[in-house]
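Reader: Before I ask about particular residues, could you put the sequence and the model up so that we can go through the interior together?

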Amino acid sequence: MFSVQEKSVLDRAAQIIESKIEVAPSFISSKLTKDYCQFTLCHYEHEAFGVLFLNNNHRLLGSEVLFRGTIDSAAIYPREVLKEALKQNAAAVIFYHNHPSGTPTPSDADICITKRLKEALNLVDIRVVDHIVVGLESCVSFSETGLL
């Protein structure tokens with residue numbers, strides 16, 4: 001779908017947005033969050049799941065694509081998300097993943113794993129701020145649609 005050069009441009013755009021996030025007063029801008037997630041994952045031809053790790057003021061501590069899957073699914077392990085969140089010393093997280101089909105509508109499986117992750121992170125007082133589903137041309141925010 002995207003050429004190597006286009007993928008490189010999208011990767012660079014994500015890096016530029018990430019650099020702005022790191023100096024932003026806080027990582028609460030829904031538009032900035034969606035743009036970052038969009039540029040990071042929209043060109044993947046397989047499903048990928050990432051996490052933005054935030055401090056108490058929602059400043060970005062780190063961003064990591066933790067899981068890669070197939071064209072229509074990825075196995076997500078709450079234990080691994082929890083382990084990385086503790087390693088990053090995160091107070092809050094934002095999940096993001098793509099739908100290679102291009103449609104960002106959250107699936108039942110997306111809703112279920114978000115609930116499981118939220119329950120696991122809640123045990124150690126790490127707050128789930130949002131889960132962004134990336135499509136080809138747009139994103140869906142769980143918090144904006146009332147799914148979180």
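Reader: Which residues of the largest nonpolar core touch the most other members?

Author: This is a predicted model, and what follows is computed from it. Helices H1 and H2 and strands S1, S2, S3 and S4 each give two or more residues to the largest nonpolar core. Of the 19 residues in this core, those that touch the most other members are Tyr36, Tyr96 and Ile132.

Reader: Where around the axis of H4 do its buried residues lie, on the same side or on opposite sides?

Author: The buried residues of H4 are Asp110, Ile113, Thr114, Leu117, Ala120 and Leu121. Because they cover an arc of only 130° around the axis, they lie on the same side of H4. The face turned away from that buried side carries the exposed residues Asp108, Lys115 and Asn122, while the cover over the buried residues includes strands S1, S3 and S4 together with helices H3 and H5. The place asked for is therefore the same side of H4.

Reader: How far apart should the ends of helix H4 be, at 1.5 Å a residue?

Author: Helix H4 runs over residues 108-122 and has 15 residues. Its end C-alpha atoms are 21 Å apart in the model, which agrees with the expected span, also 21 Å.

Reader: Is His58 buried or exposed?

Author: His58 lies in the loop between S1 and strand S2, and its side chain is joined to that of Arg127 by a polar contact of 2.6 Å. Its relative accessible area is 10%, and since buried means under 20%, His58 counts as buried.

Definitions and conventions: Residues numbered from 1 in each chain as written. Predicted model: local features only at pLDDT ≥ 70, side-chain atom pairs only at ≥ 80, totals over all residues. Heavy atoms only, no water. Helix = DSSP H or I, 4+ residues; strand = E, 2+ residues; numbered from the N terminus. Expected span 1.5 Å × (residues − 1). Buried < 20%, exposed > 50% of the residue type's maximum accessible area, 1.4 Å probe, protein only. Arc of directions from axis to C-beta. Contact = heavy atoms within 4.5 Å. Polar contact = N/O pair within 3.5 Å; in protein donor to acceptor, adjacent residues only side chain to side chain. Core = buried A, V, L, I, M, F, W, Y, C linked by side-chain atoms within 4.5 Å.
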